[in-house]
Amino acid sequence: MKTISIDHLPRVEGNGGVTATIDGHVVTEVKFVINEGPRLIERLTVGKTPEEDVSIAPRICAICTVSHKNAVLRAMENTLAVKVQPKIVLLRELAHMGEFIESHSLHVYFLALPDYVGFPNAIAMASKFPFEVKIALEMKQFGNAIMKILNGRMIHGENMVIGGFGSYPTREDLVWMKNRAIQFMPFVFHTVDLFCGLDYPTVPESDTIYACCEPGNGQYGLWGDEIILSTGDRIARDDYQSLTNEFLVPHSFCKHSRYKGNPYSVGALARVNVLGERLQGESARMYKKYFGPRWKKNPLFHNPAQALEILYCFERIPELVDDILAISENPPVVPYKSKNGKGTGLVEAPRGLLIHHYEVKDGLVSDVDIITPTAQNAEDIERYCYLAAQKLLDEGKEDAIRDRMDLVVRAFDPCISCSVHMADVKHAPSDDWKEKLADLQAAGPVFIGVGREDRSDDRAGLDLAAGIKELGIKDVYLESEIEEDHIFEGLAGRPLLFIDAINMGERPGKIVVLPLQQLFWNAVLSHRLLPSLTNRLTCEQIKYAYILGVQPESTAEGSRLSGPVRKSLEIILKEIKIPAVPRKEQRAVS
């Protein structure tokens, strides 16, 4: 068994890694690991006023701040039945253009391009591409300027509020945005030609499902009230969970999503694949020039898709400015009276479909759900990394696996800060462990002791397994005794009962019997159960696996159990039922 790990992914936003496990000529699994702790924004906004929520929720991340602001505003205005004036919608879209330009130019030039031109980073790349680096920085600064003018600050601006704007941009500011966007166009064309013309590897390539907002009216756009998929399916905004189906995984703080049991992708490549035929003007010309079948199945084409969207944004800015200037009146903030309601907001962040959902009761937020693009992409990131690793292994190019997985993850442009948005805080259950243990024993479980002999209370599982063996029960193993997979294969159909010390934050010696999956789902229960064991279990075995756990007093170095844990093991042994010997066997023995 061999592991190829990228412990810290370079040139992505946040702290994450990816690991591939190889057994001979087979890649057994790939894990996209996000190590950053949850932001808990959803929990923080509960009990707040709608205005406080609109200020707090976008602080989930400083990279996609305008996207989160627009998402929470659309959700809250749907919740409170607030309808804003057309000028407000146009100004919010203009701010959105600024964020897309800033984010996409940062990613394609400074994070992605070094991979394809042979440099470790953008600073080193500047020696050969000084013009591109300089103008890309100016383009990024232009996007920041748009956000600052319209939202008050480049990051976490507060000017966009429920029902309107706090203060409006001047005519001079708007005209400057229009003229500056037009001045950038030659370099924008260069950007599209550069990234659409790169030679992208053919590994990995595989069909997937794409999802994005349906802007309506046959337009290309960055928000809407429906989700549209490459399958042709459409999902109403309030039914978003039928797409996302978020679930927790044991190896990452980022939730994962599947649509009808399948991974799917969101982001620039999803938008171009689903909505690309709707592009107009120079964007349409470039789309027709470069778009091809490989865009539908190769995740590395997220990069040219972002370049194409940079062009879309620069074309859209002069149109938006003209439409805004045509409306002379600056409408006041629309008041609201409703104190109860539910609502969802759908927008496209640079990295993909972003969903905010809120419920308000008696004027205060009572329920929050935020679904981020990276949480939706995580499954496809793992799948494409797996496909790349296996294909390269088949071709005898094991040395290329690490770099290719790095390339794939970075192409998705993950926003790791956004992805770790929530953790359910749970405590160890207080129900009767004796009753659960009795029920499991009636089904004939297989006991598996887990732990380390040199870590004081962490040896509890090993000592308890040895004690159960001494009672005459046959089906008892230590983790060191089940190295071969065929042992697990022979245990199919029987419940597995792992025995270990688990840190539940409770008093030392507390005993619990839990489904193994509950440890995967629980953010508080700290547990070291040997990964190589659970990785080799089938889904069916995991479903019928449990853990008999004892709260340790200490897991520091040492060979002695603490008093509370030793006493708990004695209590457990008294509850272990020795199987009755059948009468025929009794006669044979006599």
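A salt bridge here is a side-chain nitrogen of Lys or Arg within 4 Å of a carboxyl oxygen of Asp or Glu. In this predicted model, the side chains of Asp225 and Arg74 meet that criterion, with an N to O distance of 3.4 Å. The two residues come from distant parts of the chain, 151 residues apart. Asp225 sits in the loop between strand S7 (223-224) and strand S8 (226-229), while Arg74 belongs to helix H3 (residues 65-79). Asp225 has a relative accessible area of 42% and is therefore partly exposed.

The structure holds 36 salt bridges in total. Another of them pairs Arg11 with Asp115, whose closest N and O atoms are 3.1 Å apart. This pair also links distant parts of the chain, with the two positions 104 residues apart in numbering. Arg11 is in the loop between strand S1 (2-6) and strand S2 (16-23), and Asp115 is in helix H4 (residues 86-117). Buried means under 20% relative accessible area. Arg11 counts as buried because its relative accessibility is 18%. Asp115, at 26%, counts as partly exposed.

A further salt bridge joins Arg494 to Asp475, with the closest N and O atoms 2.8 Å apart. Arg494 lies in the loop between helix H17 (485-490) and strand S16 (496-501), and Asp475 lies in the loop between helix H16 (460-470) and strand S15 (476-478), so the bridge ties together parts that are 19 residues apart in sequence. Both ends are partly exposed: the relative accessible area is 29% for Arg494 and 25% for Asp475. Elsewhere, salt bridges with shared partners connect Arg11, Asp115, Asp406 and Arg410 in one network.

The next element to follow is a sheet. Four strands form an open sheet in the order S7-S11-S12-S13, and their pairing is antiparallel. S7 and strand S13 (364-371) are the edge strands, each pairing on one side only. Strand S7 is also one of the two strands that flank the loop holding Asp225.

Within the sheet, strand S11 (residues 341-349) and strand S12 (residues 352-361) run antiparallel and are joined by nine bridges. At one position along this pairing, Val347 has Leu354 of S12 as its bridge partner.

A helix accompanies these strands. Helix H12 (residues 373-394) lies across S11, S12 and S13. Relative to S12, helix H12 runs at about 130°.

Terms used: Residues are numbered from 1 along each chain as its sequence is written. This is a predicted model: local features need pLDDT of at least 70, side-chain atom pairs count only at pLDDT 80 or more; totals for chains, interfaces and linings use all residues. Side-chain values use heavy atoms; hydrogens and water are left out. Buried means under 20% relative accessible area, exposed over 50%, partly exposed in between (1.4 Å probe, protein chains only). Two strands pair if DSSP finds at least two bridges between them. Contact means heavy atoms within 4.5 Å. Axes are lines fitted to C-alpha atoms, for helices over the stretch in contact, and angles run from 0 to 180 degrees between N-to-C directions.
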